[in-house]
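Here are some short exercises to work through with the viewer open. Try each task before you read its solution.

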Amino acid sequence: QVQLQESGPGLVKPSQTLSLTCTVSGGSITTNPYYWTWIRQPPGKGLEWIGYIGYSGDAIYSPSRKSRTSISRDTSKNQFTLQLRSVTPEDTAVYYCARVAATTGWDFSGQGTQVTVSS
């Protein structure tokens, strides 16, 4: 059973960088064909795809936030990390990390972590 757990600060000030880490157990983040994904849900809105880092280490981002987003990984710790720069209150959301398989889609995710952007 694959398990994912998000961690990071719940409160970030505007203009600062939001940084969240997803720790994965029960499976390696270097295993083909999985894509380790960040998704968020702002209050009162639907899910938004942020981006992913693939099993080979390549990262792809949503075009709407590409200039502010970085996703990296630490294979020794089996973790991947989201950094979202220059945040505004509109980045307030519940952030989820998830595993997405190339052919079958989203199969495992963390329980989500609330991040509030406020001064």
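**Exercise 1. Find which residues Gln-1 touches, not counting residues up to four places away in sequence.**

Solution. Step one: with contact taken as heavy atoms within 4.5 Å, Gln-1 touches Ser-25, Gly-26 and Phe-108. Step two: place Gln-1 in the segment before strand 1, where helices (H or I, at least four residues) and strands (E, at least two) are DSSP runs, numbered from the N terminus. Step three: compare sequence and space, since Gln-1 and Asp-107 are 106 residues apart in sequence and 11 Å apart in space, C-alpha to C-alpha. Step four: check accessibility. Buried means under 20% relative accessible area, exposed over 50%, and partly exposed in between, using a 1.4 Å probe and protein chains only. Gln-1 has 75% relative accessibility, so it counts as exposed.

A word on the model before going on: it is predicted, so local features need pLDDT of at least 70, side-chain atom pairs count only at pLDDT 80 or more, and totals for chains, interfaces and linings use all residues. Residues are numbered from 1 along each chain as its sequence is written, and side-chain values use heavy atoms, with hydrogens and water left out.

**Exercise 2. Work out the strand order of the open sheet of four strands.**

Solution. Step one: two strands pair if DSSP finds at least two bridges between them. Step two: follow the pairs, and the order comes out as 1-3-8-7, with antiparallel pairing. Step three: look for strands that pair on one side only; these edge strands are strand 1 (3–7) and strand 7 (69–74). Step four: the twist from one strand to the next averages 20°, with axes as lines fitted to C-alpha atoms (for helices over the stretch in contact) and angles from 0 to 180 degrees between N-to-C directions. Step five: inspect one pair. Strands 3 and 8 are antiparallel and share six bridges, and Ser-19 has Gln-83 of strand 8 as its bridge partner.

**Exercise 3. List the pairings of strand 9 with strand 4, strand 10 and strand 11.**

Solution. Step one: strand 4 and strand 9 pair in the antiparallel sense through eight bridges, with Thr-37 opposite Ala-98. Step two: strand 10 (residues 105–109) runs antiparallel to strand 9 and is joined to it by four bridges. Here Ala-98 partners Ser-109, while Val-100 partners Trp-106. These two strands form a hairpin with three residues between them. Step three: three bridges link strand 9 and strand 11, again antiparallel, and Val-94 stands opposite Gln-114. Step four: why is strand 9 largely enclosed by the rest of the structure? Seven of its nine residues are buried, so the strand is largely enclosed.

**Exercise 4. Identify which members of the largest nonpolar core touch the most other members.**

Solution. Step one: a nonpolar core is a set of buried Ala, Val, Leu, Ile, Met, Phe, Trp, Tyr and Cys residues joined through side-chain atoms within 4.5 Å. Step two: among the 25 residues of this core, the answer is Leu-18, Trp-38, Phe-80 and Tyr-95. Step three: the elements giving two or more residues to it include strand 5 (48–54) and strand 11 (113–117).

**Exercise 5. Check the backbone at Pro-33, Asn-78 and Ser-86.**

Solution. Step one: the peptide bond from Asn-32 to Pro-33 is cis, with omega near 10°; Pro-33 lies in the loop between strand 3 and strand 4. Step two: Asn-78 is not a glycine, yet has a positive phi of about 55°. At 15% relative accessibility, Asn-78 counts as buried. Step three: Ser-86, also not a glycine, has a positive phi of about 50°, and at 43% relative accessibility Ser-86 counts as partly exposed.
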